Amino acid sequence: MDVNRRHTSTIRSFALMVILFRAGLSLDLNVLKRLSAIVGLLAFTPCLVEAAAVAVFTSFFFNSLPPSWALLTGFTLAAVSPAVVVPQMLQLQSKKLGVRKGIPTLITAASSIDDVLAISGFSVCLSFAFSHSKSGSPSNDTWKLIMSLLKAPSEAAVGIIYGLLGGALLWYIPEMCSKPKSTENSSETSSKYNFHRLVLLLLFGSFSIFGSQKLDIGGAGPLAVMMLSFVAAIRWRPAGFDVSCESSLKTLWSILYHYLFCLIGGEIRIKNLQTSVLLYATLVILFSLIFRLAAAFLLTYGSSFSAKERLFIAIAWLPKATVQAALGPVALDMATDKEDIERGHLVLTFSVIAILMTAPIGAVLIDLSSRILLSTDEVEVETAADDDDEAGHRLNGISSDDSPS
């Protein structure tokens, strides 16, 4: 059973790596510069608000649950699912919905940091939750707490540094990609190395995903993967190298996503659901999602986004699946005494209900709301803006802030 679980975890991780590579290749550096402040706010605030809301409501409905376990449940549920959100954002880009204002790039970039924050917060709360069951002196407990608190920024730093170095290395291997490909022979040479670039990208990504898991810095892996492809695409895009790589990754994803969602569904054990807490768990998830929606909507107030666009950005944060499937059973696996086993079952029950409620409904809501809240008139304006930008002109009425720097 453990062997089968390791195999399914490997396939899930590889599928997640592919979609994160596609997300990194789709990110627009100019848009990120322009929206850096909003990306930072959306990356941290909604996650923390939802985690706190889950903790408060869980403590209210289950007053015997310690604060550390309530927060542990909160961070387990707070992470959005890149496996659901990123493909939806890629579809928006292909349909030219919200592209000019950078909505797909904004949501994709912020969601990756959101996951790192949720995983790191989960790790800290896990240390608190099981500190009573581990023998040791108070000084050792304090040292473990300090190390847990430092884990979040250190994992993010490791992921960013690895992505920067690996992405920059792919500028020169298998060939330097900063030279213009003007002759017919150079074009043939470039296309010859497309497969090599894809293999190197997958090797670097696999090392970051599985290496971070082995080193117990799991939050660094996904961020490193996205940063890796994002940095590589900065030089690949002018030379046209990113097109072939994105096409290959798209084909890979069309095969892997069936396995990913089947394996996530396979992690759900109906027999582990505590029917006595189903109603309360559903209420907690609904109330906390309302707080998250409100936080994401209010954070974009005063920005260049319209009210409809701000509502869409808030809705895009609903789906949960990948992280919950990975973190949900962890506390239960670590539990030894009767009280902790009951609490672990509670966390697992919350995770299962969150996946069942938000993954399918969230994906449908993103698709439907994008058609309603991002109007067809906006699509036409964006297409015109893209054409004018390529010709080196501006549309009338668009400020210099909206043009690429």
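Leaving out residues up to four places away in sequence, Val330 is in contact with Phe122 and Leu126, and this residue of the predicted model is a convenient place to start reading the structure. The protein as a whole has 17 helices and zero strands, and buried residues make up 49% of its 405 residues. The points below begin with the helix that holds Val330 and then turn to the core, the aromatic groups, single residues elsewhere and the confidence of the prediction.

**Helix 15 and its surroundings**

- Val330 belongs to helix 15, which covers residues 330-334, and with a relative accessible area of 24% this residue is partly exposed.
- Although Val330 and Leu348 are 18 residues apart in sequence, their C-alpha atoms are 8.5 Å apart in space.
- Ala331 also lies in helix 15, but at 0% relative accessibility Ala331 counts as buried.
- Once neighbours within four places in sequence are set aside, Ala331 is in contact with Trp69, Leu72, Leu126, Phe130 and Gly344; Leu126 is also among the contacts of Val330.
- Ala331 and Ile341 are ten residues apart along the sequence, and the distance from C-alpha to C-alpha is 8.2 Å.

**The overall fold and the nonpolar core**

- Among contacts in the protein with a separation of 6 or more, 84% are accounted for by residues that are 24 or more positions apart.
- The protein exposes about 18,900 Å², of which carbon and sulfur atoms supply 65%.
- The largest nonpolar core has 101 residues, and within it Leu249 and Phe312 touch the most other members; helix 6, residues 103-129, gives the largest share of this core, with twelve residues.
- Phe312 has contacts beyond four places in sequence with Met89, Leu92, Ile103, Ile107, Ile366, Ser369, Ser370, Leu373 and Leu374.
- As general background, nonpolar side chains in soluble globular proteins tend to be buried together.

**Aromatic pairs and charges over rings**

- A search of the whole structure finds eight aromatic pairs; in the pair formed by Phe60 and Phe61, the ring centres are 5.3 Å apart and the planes stand at 75 degrees, so this pair is edge-to-face.
- Phe60 is exposed, with a relative accessible area of 62%, whereas Phe61 is partly exposed, with a relative accessible area of 22%.
- Phe60 and Phe61 form one aromatic cluster together with Phe62, Tyr280 and Phe350.
- Arg197 lies over the face of Phe241, at 3.6 Å from the ring centre, and Arg235 lies over the face of Trp171, at 4.4 Å from the ring centre.

**Single residues worth locating**

- Arg292 is placed in helix 12 and counts as buried, because its relative accessibility is 2% and the limit for a buried residue is under 20%.
- Apart from residues up to four places away in sequence, Arg292 touches Pro46, Cys47, Glu50, Ala78, Val80, Asp114, Trp317 and Lys320.
- Phe204 is found in helix 9, which runs over residues 194-214, and its contacts beyond four places in sequence are with Tyr162, Gly166, Leu169, Leu170 and Leu228.
- The C-alpha atoms of Phe204 and Ala224 are separated by 9.4 Å, while the two residues are 20 residues apart along the chain.
- Lys96 sits in the loop between helix 5 (82-94) and helix 6, where at 34% relative accessibility this residue counts as partly exposed.
- The phi angle of Lys96 is near 60 degrees, which is a positive value in a residue other than glycine; as a general matter, most residues other than glycine have a negative phi.

**Confidence of the prediction**

- The pLDDT of the protein averages 79, and 79% of the residues score at least 70.
- Confidence is highest in helix 12, residues 278-299, at a mean of 93, and lowest in helix 17, residues 376-391, at a mean of 43; over residues 377-405 the pLDDT is below 50, and this stretch has 31 contacts in the model beyond near neighbours in sequence.
- The pLDDT also stays under 50 over residues 180-189, for which the model has seven contacts beyond four places in sequence.

Conventions:
Residues are numbered from 1 along each chain as its sequence is written. This is a predicted model: local features need pLDDT of at least 70, side-chain atom pairs count only at pLDDT 80 or more; totals for chains, interfaces and linings use all residues. Side-chain values use heavy atoms; hydrogens and water are left out. A nonpolar core is a set of buried Ala, Val, Leu, Ile, Met, Phe, Trp, Tyr and Cys residues joined through side-chain atoms within 4.5 Å. Buried means under 20% relative accessible area, exposed over 50%, partly exposed in between (1.4 Å probe, protein chains only). Helices (H or I, at least four residues) and strands (E, at least two) are DSSP runs, numbered from the N terminus. Contact means heavy atoms within 4.5 Å. Rings of Phe, Tyr and Trp (its six-membered ring) pair if their centres lie within 6.5 Å; planes under 30 degrees apart count as stacked, over 60 as edge-to-face and the rest as tilted. A charge sits over a ring if NZ of Lys or CZ of Arg is within 6 Å of the ring centre and within 35 degrees of the ring normal. Accessible areas come from the Shrake-Rupley method with a 1.4 Å probe; for residues, only the protein chains shown count as cover. pLDDT is the predictor's confidence in each residue, from 0 to 100.
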